[in-house]
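Here's a quick tour of a model you might be about to load into your viewer. We'll start with the packing inside, then move to the pocket, and finish with some backbone oddities.

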Amino acid sequence: MTQPLFLEPVFHEKIWGGRKLETEFGYQIPAGNIGELWAISAHPNGPNVIANGPLAGKTLDKAWAEDQDYFGHQSGKVFPLLTKILDANASLSVQVHPDDAYAAAHERPGELGKTECWYVISADPDSYLIYGHHAKTRQQLADMIHSGDWEHLLCKVPVKAGDFVYVPSGTIHALNKGIVVLETQQSSDTTYRLYDYDRVGADGKKRELHLQQSIDVTTVPSVDPKLDITSEKVDDATITTYVTAPISPFFSVYGIALAGQLHQTASAPYTLVSVLAGSGTFSADGQDYPVKKGTHFLIPNQIKDWQFSGKMQIIESTPGETE
């Protein structure tokens with residue numbers, strides 16, 4: 001009998017973080033400004049420990065390397081996805097991420113590029129994102145960055161709870177104060193900062209900027225992906241498809257609003273699950289597992305069908321064909 005892989009959370013303190021992971025989700029978090037929960041991660045900067053079953057005590061990256069039966073014998077050298085919750089108690093730096101080719105050429109061996117997406121869990125009134133830019137040429141982009149002309153360069157987009165935002169590599173972006181998101185992304189920890197509001201870190205110095213890398217990797221002119229978000233009623237649930245191939249080659253992301261029961265069958269080598277609200281039961285191979293807001297787990301390859309019961313809001317993601 002194969003069990004789902006429940007994972008121990010990994011927390012990261014950030015200059016922009018807060019305490020909502022404790023107050024809104026009930027996690028026991030360290031002291032300080034905790035900005036990120038790495039919920040499903042095999043990245044070396046924060047791999048999760050498997051909490052149950054035959055693999056208990058093993059990190060997810062070691063399981064990927066040694067226990068491929070759980071993942072459908074995928075060919076990638078690294079587990080390709082990373083799921084986070086971000087608490088933006090203050091605005092994040094204005095930033096951009098590289099694609100796979102640039103990361104492979106300029107970052108540590110094995111580092112992927114970073115395409116990501118956000119499901120907005122909560123947002124203060126009048127919240128907005130930085131998303132995209134107004135430069136028409138790379139030279140204009142460089143000139144506006146070096147002159148600090150942020151007012152004319154950056155695009156602001158209003159955002160509210162329940163919104164979904166897809167952020168391909170090369171997109172200038174920033175979460176701003178008062179926003180909490182679930183992030184699904186490629187397994188990467190590479191960020192290039194264009195602007196950081198002249199803030200200083202714990203060492204009293206301004207945080208490092210990466211202006212040339214930002215100019216190199218930003219998509220010019222800016223592209224606003226057109227998503228085809230659709231919803232359908234299945235059993236006692238509404239399933240929303242937020243993004244999938246060909247728009248997103250790296251992952252597919254689905255939302256589930258459940259009030260009752262939902263039976264599902266596997267559509268990918270494995271499935272990542274995050275419960276964002278409510279509580280209930282996950283059932284597979286004749287076993288029931290209680291789940292609630294803040295639970296994150298991976299459904300391995302050996303489990304081909306399963307059932308959710310209860311009243312819950314869930315985000316599921318599956319790997320794309322590109323690893």
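## The core

Keep in mind that this is a predicted model. Its largest nonpolar core has 38 residues, and the members touching the most others are Phe 71 and Phe 79. Strand S3 (residues 34-40) hands this core its largest share, four residues. There's also another core lying apart from that one, with 20 residues, including Leu 258, Leu 262, Phe 282 and Tyr 289.

Want to see what Phe 79 packs against? Skipping neighbours within four places in sequence, Phe 79 has contacts with Ile 40, Ala 42, Leu 60, Trp 64 and Phe 71, and also with Ser 187, Tyr 270, Leu 272 and Leu 298.

## The largest pocket

How much space lies in the largest pocket? About 380 Å³. Its lining runs to 22 residues, and those nearest the centre are Lys 14, Glu 36, Gln 95, Thr 191 and Arg 193. Four elements each give two or more residues to this lining: strand S2 (10-18), strand S5 (81-88), strand S7 (116-123) and strand S11 (173-174).

If you sort the lining by class, you get ten charged residues, six polar and six nonpolar.

## Cis peptide bonds

Most residues other than glycine have a negative phi, and most peptide bonds are trans. Two prolines here are worth a look on the second count. Going from Val 220 to Pro 221, the peptide bond is cis, with omega near -10 degrees. Pro 221 sits in the loop that links helix H6 (211-217) and strand S14 (230-234).

The bond from Ala 245 to Pro 246 is cis too, with omega near 5 degrees. You'll find Pro 246 in the loop between strand S15 (237-243) and strand S16 (251-265).

## Positive phi

Now for two aspartates. Asp 126 isn't a glycine, yet its phi is positive, near 65 degrees. Its spot is the loop between S7 and strand S8 (128-133). Is Asp 126 buried or exposed? Exposed, because its relative accessibility is 75% and the cut-off is over 50%.

Asp 285 also has a positive phi, about 50 degrees, without being a glycine. This one belongs to the loop between strand S17 (271-284) and strand S18 (287-292). With a relative accessibility of 45%, Asp 285 counts as partly exposed.

Notes. Residues numbered from 1 in each chain as written. Predicted model: local features only at pLDDT ≥ 70, side-chain atom pairs only at ≥ 80, totals over all residues. Heavy atoms only, no water. Core = buried A, V, L, I, M, F, W, Y, C linked by side-chain atoms within 4.5 Å. Buried < 20%, exposed > 50% of the residue type's maximum accessible area, 1.4 Å probe, protein only. Contact = heavy atoms within 4.5 Å. 1 Å grid on protein atoms, 1.4 Å probe; cavity = no way out; pocket = protein on both sides within 12 Å on 5 of 7 lines; lining within 4 Å. Points joined across faces, edges and corners; volume = space filled by probe spheres on them. Nonpolar A, V, L, I, M, F, W, Y, C, P; charged D, E, K, R; others polar.
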